[in-house]
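Good morning, and thank you for making time for this presentation. Please bring up the sequence and the model, and we shall go through them together.

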Amino acid sequence: MLYKSKEAFLRDHGVRNTFYCEYFKGMELKGKTKDTILGEALKERLVKSGKVLDYTFKFYENHKSQIGWI
C-alpha cells in the first residue's frame with residue numbers, strides 16, 4: 001500500500017515511526033548513504049542507542065517503498 005499522505009501513515013504506524021521514516025527518506029533523497037544517515041542520527045542524538053537506531057532503520061527499510069508523500 002502506497003501512503004499518499006503523511007496522516008494515513010501516521011495513523012497506521014504512529015508518530016515516532018513516521019518521524020524516523022520521514023527523516024531517513026529525506027536524507028536518502030539528498031544522496032546520503034546508509035552509513036552516513038546512521039552516523040548523523042547518532043551524532044544528532046535522534047536516538048538514544050545503537051539498538052534503537054537499528055530497529056528504526058530496519059522499520060524504515062521495510063516501509064520505504066510505501067512512503068509516497070515525500
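What radius of gyration would a compact globule of 70 residues have, and what does the chain have? The expected value is near 11 Å and the chain has 12 Å, so the two agree. I should say at once that this is a predicted model. Taken along the principal axes, the C-alpha atoms fill a box of roughly 30 × 25 × 15 Å.

The secondary structure is quickly described. The chain holds 3 helices and 0 strands, and its pattern along the sequence reads α-α-α. Of its 70 residues, 34% count as buried. The accessible surface amounts to about 4700 Å², and carbon and sulfur atoms account for 53% of that area. As for contacts, if we take those between residues at least 6 apart in sequence, 61% of them join residues at least 24 apart.

Let me turn to helix α2, which spans residues 34–43. Which of its residues are buried? They are Ile 37, Leu 38, Glu 40 and Ala 41. Viewed down the axis of α2, these buried residues fall within an arc of 165°, and therefore they line one face of the helix. That set packs against two partners, namely α1, residues 6–29, and α3. On the face turned away from the buried side, α2 carries the exposed residues Asp 35 and Lys 43. Just after the helix, Arg 45 adopts a positive phi of about 60°.

Glu 40 deserves a second mention. Although it is among the buried residues of α2, its side chain meets that of Lys 32 in a salt bridge, at 3.4 Å from N to O. Lys 32 is partly exposed, since its relative accessible area is 31%.

That brings us to charge pairing more broadly. Side chains of opposite charge can pair when their charged atoms come close. In this model the count comes to 5 salt bridges, and I shall describe two others individually.

One of them joins Glu 28 and Lys 64, whose closest N and O atoms are 3.5 Å apart. Why may we say that this pair ties together separate parts of the chain? Glu 28 belongs to helix α1 and Lys 64 to the segment after α3, so the parts that are tied together lie 36 residues apart in sequence. Both partners are partly exposed: Glu 28 because its relative accessibility is 29%, and Lys 64 because its relative accessible area is 30%.

Another salt bridge links the side chains of Asp 54 and Lys 58, at 3.4 Å from N to O. Here both residues lie in helix α3, 4 residues apart, which is about one turn of the helix. Asp 54 counts as partly exposed at 40% relative accessibility, and Lys 58 is partly exposed as well, with a relative accessible area of 48%.

I shall stay with α3, which covers residues 50–63, and consider three further positions along it.

The first topic is Thr 56, a member of α3. Is it buried or exposed? Thr 56 is buried, as its relative accessible area is 2%. Its side chain reaches the backbone oxygen of Leu 53 at a distance of 3.0 Å. Leaving aside residues up to four places away in sequence, Thr 56 touches Arg 16, Tyr 20, Phe 24 and Val 47.

Next comes His 63, also found in α3. With a relative accessible area of 15%, His 63 is buried, because the cut-off for that class is under 20%. What does its side chain reach? The side chain of His 63 reaches the backbone oxygen of Phe 59 at 2.9 Å. Again setting aside residues up to four places away in sequence, His 63 touches Phe 9 and His 13.

Finally, there is Asn 62, which is likewise found in α3. Asn 62 has a relative accessibility of 59% and so counts as exposed. From Asn 62 to Ala 8, the C-alpha distance is 17 Å, and the two residues are 54 places apart in sequence.

To close, I would leave you with two points from this predicted model. The buried face of α2 packs against α1 and α3, and the salt bridge between Glu 28 and Lys 64 connects helix α1 with the segment after α3. Thank you; I am glad to take questions.

Conventions:
Residues numbered from 1 in each chain as written. Predicted model: local features only at pLDDT ≥ 70, side-chain atom pairs only at ≥ 80, totals over all residues. Heavy atoms only, no water. Helix = DSSP H or I, 4+ residues; strand = E, 2+ residues; numbered from the N terminus. Buried < 20%, exposed > 50% of the residue type's maximum accessible area, 1.4 Å probe, protein only. Arc of directions from axis to C-beta. Contact = heavy atoms within 4.5 Å. Salt bridge = Lys/Arg side-chain N within 4 Å of Asp/Glu carboxyl O. Polar contact = N/O pair within 3.5 Å; in protein donor to acceptor, adjacent residues only side chain to side chain. Rg over C-alpha atoms; globule rule 2.2 N^0.38 Å. Areas by Shrake-Rupley, 256 points an atom, 1.4 Å probe, with all protein chains shown as cover.
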